[in-house]
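Subject: Structure for you to look at

Hello,

Here is the structure I promised to hand over. Please open it first, then read my notes below.

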Amino acid sequence: TLNQQVAVLTKAKHRHSKDLGLAESAMQQVEGQLSTALRQLSTSQNLVSSLNEDVRISNEEVQEVRDQLHELQNATLRQSELATLQDRNVEIKKLNHQNNLLSSQISNLTSAVAKLKSEIEEKSLAFLKLEDKSSRSDKILRQQRTDNE
């Protein structure tokens with residue numbers, strides 16, 4: 001009957017509303033994760049920039065030390081400076097690796113957000129179609145009641 005169809009459409013409308021709410025909630029969570037990942041990436045990039053500047057300054061200092069070492073033939077001091085540079089280079093490599101991982105995560109999260117947005121749009125369209133069918137069914141039902149009266 002028409003009343004049953006209206007009831008079914010109403011239930012479907014509520015179910016799609018709930019699905020739409022869940023999808024929006026999931027998208028907000030992903031956006032939160034994306035925001036966190038972007039902040040972490042920014043922090044890592046700032047650290048890398050700072051370390052790169054330190055390495056540049058250190059490279060200049062090492063050159064000066066090398067010149068002095070050559071003149072003074074102080075191998076112990078030279079090894080110490082080289083060890084410091086190697087440690088800094090290891091730190092930079094670690095940070096670059098971390099940046100690559102964060103970039104990958106951001107890319108994955110961006111894809112997930114796009115997918116969720118697409119799903120929300122699909123569910124919104126389905127919801128609008130159900131609302132339209134429900135509205136038409138309500139009109140038909142009212143007309144039949146009027147006709148019956």
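Start with one serine. Ser25 lies in helix 1. Is Ser25 buried, exposed or partly exposed? Its relative accessible area is 34%. Buried means under 20% and exposed means over 50%, so Ser25 falls in between and counts as partly exposed. Now find Leu116. Ser25 and Leu116 are 91 residues apart in sequence, yet their C-alpha atoms are 10.0 Å apart in space.

Keep in mind that this is a predicted model.

Next, a second serine. Ser58 also has its place in helix 1. Its relative accessibility is 5%. The cut-off for buried is under 20%, so Ser58 counts as buried. What does Ser58 touch, leaving out residues up to four places away in sequence? The answer is Leu85 and Arg88.

Now the whole chain. The protein chain has two helices and zero strands. Its C-alpha atoms fill a box of roughly 115 × 15 × 15 Å along the principal axes. The radius of gyration is 32 Å, while a compact globule of 149 residues would come out near 15 Å. Buried residues make up 23% of the 149 residues.

Look at the contacts too. Take those with a separation of 6 or more in the protein chain. Of these, 91% join residues 24 or more positions apart.

Then the inside. In soluble globular proteins, nonpolar side chains tend to be buried together. Here, the largest nonpolar core has 13 residues. Which of them touch the most other members? They are Val30, Ile106, Leu109 and Ile120. Two elements give two or more residues to this core: helix 1 (2–72) and helix 2 (75–148). Helix 1 gives the largest share, seven residues. Val30 is a good residue to click on. Not counting residues up to four places away in sequence, Val30 touches Leu109, Ala112, Val113 and Leu116. Apart from this core lies another one, of five residues. Among them are Leu51, Val55, Ile92 and Leu95.

Last, the surface and the charges. The accessible surface of the protein chain is about 10800 Å². Carbon and sulfur atoms account for 49% of that surface. The protein chain carries 20 positive and 21 negative charges. The mean positions of these two sets are 13 Å apart.

Best wishes

Terms used: Residues are numbered from 1 along each chain as its sequence is written. This is a predicted model: local features need pLDDT of at least 70, side-chain atom pairs count only at pLDDT 80 or more; totals for chains, interfaces and linings use all residues. Side-chain values use heavy atoms; hydrogens and water are left out. A nonpolar core is a set of buried Ala, Val, Leu, Ile, Met, Phe, Trp, Tyr and Cys residues joined through side-chain atoms within 4.5 Å. Buried means under 20% relative accessible area, exposed over 50%, partly exposed in between (1.4 Å probe, protein chains only). Helices (H or I, at least four residues) and strands (E, at least two) are DSSP runs, numbered from the N terminus. Contact means heavy atoms within 4.5 Å. The radius of gyration is taken over C-alpha atoms; the globule rule is 2.2 Å times the number of residues to the power 0.38. Accessible areas come from the Shrake-Rupley method with a 1.4 Å probe; for residues, only the protein chains shown count as cover. Lys and Arg count as positive and Asp and Glu as negative; His and the chain ends are not counted. The place of a charge is taken as NZ of Lys, CZ of Arg, CG of Asp or CD of Glu.
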